[in-house]
Amino acid sequence: MKIGLISPLWKKLPPEKYGGTELVVYDLACALTEKGHEVTVFASGDSNLPCKLVPIVERNLYDILGKFKWDFYDYDILQTEIVGKMSNDFDILHNHNGFIPLSITPLVKTPVVTTIHSSLPPEPAVLREAFKDRFYV
């Protein structure tokens, strides 16, 4: 199976210290690759993975910006564009990067499942309502 994993861009994979969501994505990438799946991860370019990496930004955003910012979405939008353009290359996409990638799900043929991690900020009610029919874990 060809699986695309959409990771947050704030920490490299695997994360060196804190990075709960990134650790989940890394562990999934390793386990799915070990089971013989063709895995591609959309993440920061400084990631070290046993599978194909599509680097969205050269280094993780935390290192570039020196801090974490909930309201910095520039590279998330770029990542969503790249994932959308490559979506036909996959049997399934597994989104771990919140609500922005959900915006393309009606536009791509590939099924998309989203895992909501506790580190995500509360999203506006309008987004929760707009995306209520999507597939979540």
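Start at Phe-90. In this predicted model, Phe-90 has a relative accessibility of 8% and counts as buried. The cut-off for that label is under 20% relative accessible area.

Phe-90 has an aromatic partner, Phe-42. The two ring centres lie 5.9 Å apart, and the planes meet at 70°, so the pair is edge-to-face. Planes over 60 degrees apart earn that name. Phe-42 is buried too, with a relative accessible area of 0%. The pair ties together distant parts of the chain. Phe-42 belongs to strand β2, residues 38–44. Phe-90 lies in the loop between α3 (74–86) and β4 (92–95). In sequence, 48 residues separate them.

Other rings pair as well. The whole structure holds 5 aromatic pairs. Ring pairs also join Trp-10, Phe-68, Phe-72 and Tyr-75 into a cluster. Tyr-62 has a charged neighbour: the charged end of Lys-11 sits over the Tyr-62 ring, 3.9 Å from its centre.

Now step back to the fold. The chain has 4 helices and 6 strands. Read from the N terminus, the elements run β-α-β-β-α-α-β-β-α-β. The 6 strands make an open sheet, and their pairing is parallel. Across the sheet, the order is β3-β2-β1-β4-β5-β6. Strand β2, home of Phe-42, therefore sits between β3 and β1 in that order.

What stands at the edges of the sheet? Those places go to β3 (52–57) and β6 (135–136). Each has a single partner strand, so one side of each is left without a neighbour in the sheet. For β6, the partner is β5, residues 112–114. The two strands run parallel and are joined by 2 bridges. Here Val-113 stands opposite Phe-135 of β6.

Finally, take the chain as a whole. For 137 residues, a compact globule would have a radius of gyration near 14 Å. The chain has 14 Å, which agrees. Its C-alpha trace spans about 35 × 35 × 25 Å along the principal axes. Buried residues make up 45% of the 137, Phe-42 and Phe-90 among them. Contacts tell of long reach along the sequence. Of those with a separation of 6 or more, 49% join residues 24 or more positions apart. On the outside, the chain exposes about 7,700 Å². Carbon and sulfur atoms supply 56% of that area.

Definitions and conventions: Residues are numbered from 1 along each chain as its sequence is written. This is a predicted model: local features need pLDDT of at least 70, side-chain atom pairs count only at pLDDT 80 or more; totals for chains, interfaces and linings use all residues. Side-chain values use heavy atoms; hydrogens and water are left out. Rings of Phe, Tyr and Trp (its six-membered ring) pair if their centres lie within 6.5 Å; planes under 30 degrees apart count as stacked, over 60 as edge-to-face and the rest as tilted. Buried means under 20% relative accessible area, exposed over 50%, partly exposed in between (1.4 Å probe, protein chains only). A charge sits over a ring if NZ of Lys or CZ of Arg is within 6 Å of the ring centre and within 35 degrees of the ring normal. The radius of gyration is taken over C-alpha atoms; the globule rule is 2.2 Å times the number of residues to the power 0.38. Contact means heavy atoms within 4.5 Å. Accessible areas come from the Shrake-Rupley method with a 1.4 Å probe; for residues, only the protein chains shown count as cover. Two strands pair if DSSP finds at least two bridges between them.
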